[in-house]
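Visitor: I should like to learn how to read a protein model, one feature at a time. May we begin with a single residue and its surroundings?

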Amino acid sequence: YTFCNGENYITSVVANGRIACGAKDASAIYYYDGAHLLAYTTGLYFGLNGSDWTFEAVGSNDISAINFVAAANGAIGMYNIQSGGRWLHLSTDNGNYINRCSANTCGASHNWTIEEVEALPVSITKAGYATFFAPVAVQLPTGVTAHTVTINGEWATLSEAYNAVPAQNGVILAGGSYNLTIVESAAAIDNNILEGSVAATNVQGEAYVLGVVDDEVGLYKAQMNGTSWLNNSHKAYLPVAGDANLTAAFYGFNWDGTTGVENVEVENVVKTIYDLTGRKVETISAPGIYIINGVKRVVR
């Protein structure tokens with residue numbers, strides 16, 4: 001969801017110790033789990049911090065629950081939002097941000113419109129890959145494919161492509177930066193060894209995460225902080241627990257067959273081309289499998 005008062009959207013940006021209000025972009029997307037709001041871009045929970053009575057973004061759901069009630073002044077289709085006995089108030093003093101009031105009696109500044117989000121933006125780097133995990137199912141647009149992995153020797157083998165991802169499933173996305181459409185459900189993905197987290201989470205135990213080191217893209221061991229490491233919001237990873245064979249420092253990507261991949265001709269137009277190690281290719285000089293404008297292709 002997004003929450004707005006006029007054109008001022010509650011974001012996950014902290015400015016001068018307060019939650020800022022601003023434009024409708026990825027930072028304004030929140031997931032509501034029935035009690036708490038979780039920011040899509042930061043993976044932090046939003047609510048009233050009981051210690052200093054300010055609305056903040058924190059790294060756990062040990063924060064006052066969010067409640068929604070019909071606008072006290074009767075504004076149609078608008079809501080007042082409460083957390084921990086305080087009400088969200090749009091303040092425009094020295095910028096637009098969230099303040100708190102002990103009562104929802106300040107009229108329009110307490111009124112929020114709740115908008116349902118229809119798509120989740122995903123930014124895929126120039127390496128051509130990103131991990132993804134969400135509490136909702138998504139449909140992928142043309143130009144983006146989802147994959148699971150199996151470990152075969154020194155390789156992380158990417159599965160054949162999925163064009164939709166069910167809720168609570170970790171995947172590796174290949175392609176460009178797109179909006180993933182939220183849908184009610186998607187077909188199950190079997191034998192998926194990837195896991196993930198919606199919130200930014202300290203994960204216990206060793207794991208592999210997507211990374212690029214010296215232009216080599218693949219799965220690298222996560223950097224531990226004692227017995228845990230930080231997994232970012234809506235990201236997937238490969239846990240080590242239970243698999244004694246996962247000992248390498250790095251697993252490069254390769255593909256599980258080429259079924260259904262079209263032959264392509266290299267035209268005299270501008271293309272973004274990567275080989276299967278994630279290296280950018282200026283021109284294709286040899287047959288093989290390449291990522292061309294975000295799509296896996298076989299060049300013969």
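Visitor: Which residues is S27 in contact with, leaving aside its neighbours within four places in sequence?

Guide: In this predicted model, S27 is in contact with I10, T11, S12, V13 and T41 once those neighbours are set aside. S27 itself lies in the loop between β3 (18-22) and β4 (30-32).

Visitor: Is S27 buried or exposed?

Guide: One reads this from the relative accessible area, where buried means under 20%. S27 has a value of 13%, so it is buried. Its side chain also takes part in a polar contact of 2.6 Å with the side chain of D25.

Visitor: How does one judge the chain as a whole?

Guide: One may begin with the strands and helices. The protein chain has 31 strands and 0 helices. Of its 300 residues, 44% are buried. The chain exposes about 14,800 Å², and carbon and sulfur atoms supply 47% of that area. Among contacts between residues at least 6 apart in sequence, 61% join residues at least 24 apart.

Visitor: Which residues touch the most other members in the largest nonpolar core?

Guide: That core has 18 residues, and L120, F132, L140 and L173 touch the most other members. Two or more residues come from each of β13 (119-122), β14 (129-132), β16 (144-147) and β20 (171-175). Apart from this core lies another, of 17 residues, including A127, L158, L194 and Y251.

Visitor: What is F132 in contact with, beyond its neighbours within four places in sequence?

Guide: The list for F132 includes L120 and L173, which we have just met, together with Y40, V122 and V138. Also among the contacts of F132 are N169, G170, V171, L180, H234 and A236.

Visitor: How does one read the pairing of strands?

Guide: One asks which strands are joined by bridges, and in which direction they run. Strand β24 (residues 207-213) is joined to β25 (residues 216-221) by 6 bridges, and the two run antiparallel. β24 is also joined to β27 (residues 235-239), by 2 bridges, again in an antiparallel arrangement. Y208 illustrates both pairings: it stands opposite K221 in β25 and opposite L238 in β27.

Visitor: How many residues lie between β24 and β25 in their hairpin?

Guide: There are 2 residues between them, and D214 in the turn has a positive phi of about 50°.

Visitor: Where else should one look for a positive phi?

Guide: Two loop residues deserve attention. Q168, in the loop between β19 (164-165) and β20, has a phi near 60°, although Q168 is a residue other than glycine. N191 is not a glycine either, and its positive phi is about 55°. N191 is found in the loop between β21 (178-183) and β22 (195-197). As to accessibility, Q168 is partly exposed at 48%, whereas N191 is exposed at 72%.

Visitor: How many disulfides does the count come to?

Guide: A disulfide is a covalent bond between the sulfur atoms of two cysteines. To be counted, the pair of sulfur atoms must be within 2.5 Å. Here the count comes to 0 disulfides.

Visitor: Why does C4 not form a bond with the closest cysteine sulfur?

Guide: The closest cysteine sulfur to that of C4 is in C21, and the distance is 9.9 Å, which is too far for a bond. For C21, the closest cysteine sulfur is in turn that of C4. Both residues are buried: C4 has a relative accessibility of 4%, and C21 has a relative accessible area of 10%.

Conventions: Residues numbered from 1 in each chain as written. Predicted model: local features only at pLDDT ≥ 70, side-chain atom pairs only at ≥ 80, totals over all residues. Heavy atoms only, no water. Buried < 20%, exposed > 50% of the residue type's maximum accessible area, 1.4 Å probe, protein only. Core = buried A, V, L, I, M, F, W, Y, C linked by side-chain atoms within 4.5 Å. Helix = DSSP H or I, 4+ residues; strand = E, 2+ residues; numbered from the N terminus. Contact = heavy atoms within 4.5 Å. Areas by Shrake-Rupley, 256 points an atom, 1.4 Å probe, with all protein chains shown as cover. Polar contact = N/O pair within 3.5 Å; in protein donor to acceptor, adjacent residues only side chain to side chain. Pairing = 2+ DSSP bridges.
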